[in-house]
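Trainee: Could we go through this structure together? I should like to begin with one sheet and then turn to the chain as a whole.

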Amino acid sequence: MRLRSRAGKASPESLTQELETVRSLLDQGLTIEARARLNSLLSQARNYPSLLAQARCALSIALEMRGDYRESLEAVAMYEEADARATLDANLSARLRVQIALALNYNGDHPKAITLLKATLRDLPEEGPEVGAAYVALARVYRSINEYPIARDYAQRALASYRQSGDWRGLAEAYFGLATADLQEGRYEEALDNFGQALKLVGDHPASFLLGKIYSNMAGACWFLKRPLEGIRYLEEAIGYYERTDHKNNAANGYNNLGLNLVLVGQWERAQKALERALSIVSESGDRAEVPMILYSLGELRTLRGDLDKGHAYLERAVELATEKGNKWYEGQSRRNLGRCYLAMGRSSEALKLSKQALKLAELIGDRQAICESNLLLAEALLACGNAEDCEANLQSVAQLITDSPADLLLTGEAQRLHGLLEMRRSDAAMAAQHFGRSVSIFDLLGDRYRSARAHHELGRAYAIANPERAAEHLSRAVNIFRELGARLDLSRTEEAARELDKAPPHQLRQRETVVQLLTLRLAEAVASRELLLRELAAVIRQETSSNRVVIIEANETGRQQVVIAHGCTKKESDAWAEEFTSLKTESQRKAFGKKHDAAIIILKSSNSAPATLLISPANRAELPGGMSLDPLLRVVELGMDVCALRSRGHGAQGEEEQSATAGASLMPGFIHSSPAMTRLVEEVHKIRSSDVTVLVTGESGTGKELVARAIHALSSRRDKVFVPFNCTAVPKELSEGYLFGYRRGAFTGAVKDSAGVIRTAAGGTLFLDEVGDLPLDVQPKLLRFLQEGEIQPLGEQRPAKVDVRIIAATNTDLEEMVVQGRFREDLYYRLNVIRLRVPPLRERRSEVPTIVNYYLNHYAVKFGRRDIQVSPQVVDLLMVCDWPGNVRQLCNEIQRIVARAEDGMLITPEQLSPELCHMASPVTPPASVTAIGSGAGPSVTVPLQNVTLADALAEVERRMIAEALRKHNGNISRAARELGLTRRGLYLKLERHEMSASA
């Protein structure tokens, strides 16, 4: 639901509230309404310079989110000079300078942006949220100029800064910056980890725009990791969030990328619908900037399906629009796809022309990937035009640009396919088969079904000449995949090749030395990853020997054998082999296994990585043609395993610095504190240590009010006397007087013996009255008399008795409001409120969380006999951003639970947190939903409609309303209960039923 503007006079308070509403709208990506509110706010805030500056800063952010970068800079440019900020406080001035720097960055003035941000940091203290914001902004600017190591360093600094305050938004942005730098540098697994931590930090906060960005980038990491199915899931999440926002073009981009991933995995019908949805969104929005991207995706899909005329029409339109908009990247991509369409149509000369144009554009923008793709298209067009020499020269130039990174596997696979086509043109089918075989391994590994089928088709054609008995297998596989995909033209060509198979004459056998050289080269070039290397080995043995089965297995984390790749058997059969092999402990058992299955067992050993096992059946086929040994190839593979392991180890060597929280110097015995707010409280306690004055301690449940009371007692002159705590809610109301003041035997029914009462029990010491606001109204006058006169009259006694006791009272309720309502005596309130100490809730002293975690981790480790338990920085970050309605008590219980279930030497990760905290750290999934509650100024509560009963839906509505009321009133139980129409007791019961944390 979109919030409405507050009505009434434009006071500073109402304008401040309106700014908070705008910030919430920006988090949700509702920039249209945010801008509308800001336009009104700007006119109303003219007489309030600070509010006007904040409104302009928010407007700049809203314009930046919409991509209106020039207007974003104009919104804050007037504050660039120091004189314009002279009347503003230092923190607001710093926020403005950071936003100006970001606007300069997006307008291309990177040097000025960096200079301004560094100057801002020099003027700021060492800590504070503005410092974190400046570091995040510097990370953004350095990412813009491709200086990713520097960007990562500033993101790390931002993380350290925001850890002081526990700002969820700042921490999430810092992790997002780290992940983005990882993504750009090819650290895709690390990127996914950091994006995942950002998701947890956002939790259930309404931040649809940021969540959409995170999930989109996670899908990008999966694209490079060649995990399209995982990427599809992330894109569906991103689309769900973006469609909640005003940024529909972001949703269109998501649909387009979803379509590309679906094409990759062979789900072409779904891909078609996703791409058409993307086109529909951008057409409705009237923003044609992204139309070329979607059109060339649609054109590519139509071409693959064999709808060449429709594909041609889409691609020509994409080229026209991209050229018109001046977007050279889109134009180059559109021209490449149109060139591929022309190759499919047999119009080679036009394909050649377009490939040269695309290459020129790629070189102009300096995009290595685009340069490689354009060169590969040019090589294929040259070959189609009969120019084999220029084709080879082009492929050689591409080889200089392609790296052995997993990110370049697709380019490598395409280059190998073209090398195969070139060798086929030269009538060397055996050499072509090696290239096609490698492209098959690569595309199978990537899960690219269309390219895999095309490579199988080409390999089948080569084998039809060089090794006819193998050709049918590959052509049949290509036919099946093309039929499933609906690739009509490719299916027709492959079926024709299968029919012609018997007519192909066998090619002359190659010399033995040539075989070994070709296969060695093929395996040596497959060191992009261990999995690819082992897949290539299996493919080579299957293609070059007469073996029926080839299986490679290796141990997983638990030590059980798992299948890496299997040829010639079903998954069930290969898994059975792996399961059986796991149980073999001795060499004689392995020999018996080999004899049983007629399989040669070859252990692939590596000095830097785990071994793998190669199984070849029948055993007598474990040799190359002509009886040549497999040993030269196996040694190449073992060396390749070493290379992959060393590369992986070097890649992961760079570790992150871990911060360990240490407790600050304790000014009060038994009291943990490190934040400025708590330090001020401790100082106040020290000021009254020599006095016996009555103290009222206020604060939410679980903040440590009793601990403060004990500290006051421990520092006072009464420290050698007794400290007696009494909870006013712990006894029935009708018995409160007797418990407090005591009674004589027979004073009332059930009084079978004398009782001194807690006040006389505390004589000479300190009495702590917890939850004094719940003291019955008829008992309050007697407590007032005691505070005034220092005397009590127990039930059944004839005369009052003097008692020397210091009173410290505590409450988590609003006593002033209770006085107004007549539920608490005004005169007693003033007697208690002589010295008032407020214990801030944990969410107001988040920087203290690491200290408390460290203390209780050590405390419970000793208690439960655990050793060497550590908490990861990601866990501490999540604990810092939690709202902690139960405050320190809830955090203490969480650490106790973690330590109790931990084992020696364990590193605590986010997965070990309690289900409730994991729920808080999980973004709200955007399923189909209905607005169940929400009108006027109330919050909008959405309940998923998928697989839930009516009772579950109602319970979820109730849970969210309670959570919203508690958040609105900063955890104040009484106010939240009043808003919800409940009693305090009723609210506590519901909290217990829903297993929500709010300690009584």
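**A sheet and its helix**

Mentor: The strand order E2-E1-E4-E3 describes an open sheet of four strands with antiparallel pairing. Please keep in mind that this is a predicted model.

Trainee: Which strands are the edge strands?

Mentor: They are E2, residues 561-567, and E3, residues 600-604; each of them pairs on one side only.

Trainee: And by how much are neighbouring strands turned against each other on average?

Mentor: The average is 20°, with direction ignored.

Trainee: How many bridges join E1 and E2?

Mentor: Strand E1, which covers residues 549-555, pairs with E2 over six bridges in the antiparallel sense.

Trainee: What is the bridge partner of Val 550 there?

Mentor: Val 550 has His 567 in E2 as its bridge partner.

Trainee: Which helix lies across these strands?

Mentor: Helix H28, residues 571-582, lies across E1, E2, E3 and strand E4, the last being residues 612-617. Relative to E2, H28 runs at about 145°.

Trainee: Changing topic, how many helices and strands does the chain come to?

Mentor: The chain has 44 helices and 15 strands.

Trainee: What share of the residues counts as buried?

Mentor: Of its 1000 residues, 53% are counted as buried. The accessible surface of the chain is about 45,300 Å², and carbon and sulfur atoms account for 49% of that area.

Trainee: What about contacts between residues far along the sequence, at least 24 apart?

Mentor: Taking contacts in the chain between residues at least 6 apart in sequence, 64% join residues at least 24 apart.

Note on methods. Residues are numbered from 1 along each chain as its sequence is written. This is a predicted model: local features need pLDDT of at least 70, side-chain atom pairs count only at pLDDT 80 or more; totals for chains, interfaces and linings use all residues. Side-chain values use heavy atoms; hydrogens and water are left out. Two strands pair if DSSP finds at least two bridges between them. Helices (H or I, at least four residues) and strands (E, at least two) are DSSP runs, numbered from the N terminus. Axes are lines fitted to C-alpha atoms, for helices over the stretch in contact, and angles run from 0 to 180 degrees between N-to-C directions. Contact means heavy atoms within 4.5 Å. Buried means under 20% relative accessible area, exposed over 50%, partly exposed in between (1.4 Å probe, protein chains only). Accessible areas come from the Shrake-Rupley method with a 1.4 Å probe; for residues, only the protein chains shown count as cover.
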